[in-house]
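Dear colleague,

Please find below the structure I am handing over to you. My findings follow it, arranged by region.

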Amino acid sequence: MNAVKPANYAKVKAQELQNKLYLAAKENPKRRFHALYDKIYREDILWEAWRRVKGNKGSGGVDGMTIDQIVKVHGEEQFVEEIRRQLTTGVYHPLPARRKEIPKQDGKLRPLGIPAVVDRVAQMATKLVIEPIFETDFKECSYGFRPKRDAKGAIRHIRRAVKKGVYWVVDIDIAGYFDNIPHEKLMKLVEQRISDRRILKLIRKWLKAGFVKDDQFYETDLGSPQGGVISPLLANIYLNYLDTIWENKFTELGTLVRYADDLVILCKTKEEALKSIDVLKAVFGKTRTTDEYVQVQTY
């Protein structure tokens with residue numbers, strides 16, 4: 001690999017690739033992409049991935065290696081080149097995430113999975129390549145962890161619906177969502193757009209990497225670690241199933257607005273709100289019980 005390129009060079013080249021993939025996916029909504037893996041270890045993609053991970057900061061994973069150590073001791077060029085080597089030769093294998101419990105506002109603890117820095121870069125590179133493809137499928141109601149979208153946009157969407165007349169709100173709290181995504185169903189949704197076996201294998205490795213808590217290793221048969229770089233994208237891919245069903249069949253019941261795993265349905269009548277709950281239970285009930293976390297609130 002050549003010496004470190006200016007940050008803007010990698011950013012511009014990565015954006016060019018993303019634009020091409022986005023337009024190709026948008027032109028053919030049924031296209032499955034089969035030649036993507038070699039783009040993940042492209043020089044510009046890896047350097048842009050490293051720039052973003054470095055900018056996000058964060059602590060080290062189970063290997064103890066921090067971003068500061070990489071910059072000051074190991075060297076950025078050597079670090080990125082080693083990731084490229086592992087990906088090109090097929091020897092890359094992710095480490096388990098470091099599990100950390102962080103307090104929530106309600107006093108409970110939220111499990112956070114912190115991948116090693118090397119895995120965060122590999123995940124970011126993969127995200128840079130595949131995200132534009134799935135972005136063409138994501139719905140207008142979805143705002144969480146998407147390019148050029150944020151919570152303020154979700155609030156504006158809600159306000160527009162309220163102005164049209166909303167008196168009942170179905171407030172959905174998906175408890176422990178990231179830890180309960182079924183791997184096989186998620187992968188089937190990924191495979192609707194990605195047919196590159198090496199990409200699919202890579203994602204499966206991250207899902208199955210497990211985590212370490214109090215020096216004890218735990219396998220993961222469900223979920224994608226909250227804290228993983230690619231986890232929000234995978235969560236959106238999985239919940240886009242709900243968004244699509246709602247858009248195609250149930251918009252007359254109310255307006256769905258979603259920010260990652262937090263969502264509301266804005267309804268005009270109590271009857272529509274109750275019907276909305278039944279629909280949600282039918283969709284979510286395929287994987288888990290929803291009675292505990294679907295609530296109706298008056299607006």
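In what follows, two residues are said to be in contact when heavy atoms of theirs lie within 4.5 Å. Please also bear in mind that this is a predicted model.

I begin with Ser276, to which that definition applies. Ser276 belongs to helix H11 (residues 270–284), and it is buried, with a relative accessible area of 0%. Leaving aside residues up to four places away in sequence, Ser276 touches Val170, Trp246, Leu253, Ile265 and Cys267.

The last of these contacts leads to the cysteines. Cys267 is itself buried, at 0% relative accessibility, and Cys141 is buried as well, with a relative accessible area of 10%. How many disulfides does the structure hold? There are zero. Cys141 takes part in no disulfide, the nearest cysteine sulfur being that of Cys267, 14 Å away. A disulfide requires two cysteine sulfur atoms within 2.5 Å; the sulfur of Cys267 is 14 Å from the closest one, in Cys141, and is therefore too far for a bond.

Turning to the strands, four of them form an open sheet of mixed pairing, in the order E2-E1-E4-E5. Strand E2 (109–114) and strand E5 (216–218) stand at the edges; each has a single partner strand, so one side of each is left without a neighbour in the sheet. From one strand to the next, the twist averages 40°. Strand E4 (residues 211–213) runs antiparallel to E5, and three bridges join the two. Within this pair, Phe211 stands opposite Tyr218 in E5.

Strands E6 and E7 form a hairpin with two residues between them. They run antiparallel and are joined by five bridges. Tyr259 has Asp262, in E7, as its bridge partner. In the turn, Ala260 has a positive phi of about 60°.

This hairpin also bears on helix H7, since strand E6 (255–259) and strand E7 (262–267) are among the elements that cover the buried residues of H7. Those buried residues are Gly153, Ala154, His157 and Ala161. Seen down the axis of H7, they fall within an arc of 105°, and so they line one face of the helix. The face turned away from that buried side carries the exposed residues Lys152, Arg159 and Lys163. As to its length, H7 (residues 151–163) has 13 residues, which at 1.5 Å a residue should span 18 Å; the end C-alpha atoms are 19 Å apart, in agreement with that expectation.

Helix H8 (residues 183–190) can be described in a similar way. Which of its residues are buried? They are His183, Leu186, Met187, Leu189 and Val190. Viewed down the axis of H8, these residues fall within an arc of 155°, so they too line one face of their helix. The elements that cover them include helix H6 (117–135), helix H9 (197–207) and helix H10 (231–250).

In brief, the points I would draw to your attention are the buried Ser276, the absence of disulfides, the open sheet of four strands, the hairpin of E6 and E7, and the buried faces of H7 and H8.

With kind regards

Note on methods. Residues numbered from 1 in each chain as written. Predicted model: local features only at pLDDT ≥ 70, side-chain atom pairs only at ≥ 80, totals over all residues. Heavy atoms only, no water. Buried < 20%, exposed > 50% of the residue type's maximum accessible area, 1.4 Å probe, protein only. Pairing = 2+ DSSP bridges. Axes fitted to C-alpha atoms, helices over the stretch in contact; angles between N-to-C directions. Expected span 1.5 Å × (residues − 1). Arc of directions from axis to C-beta.
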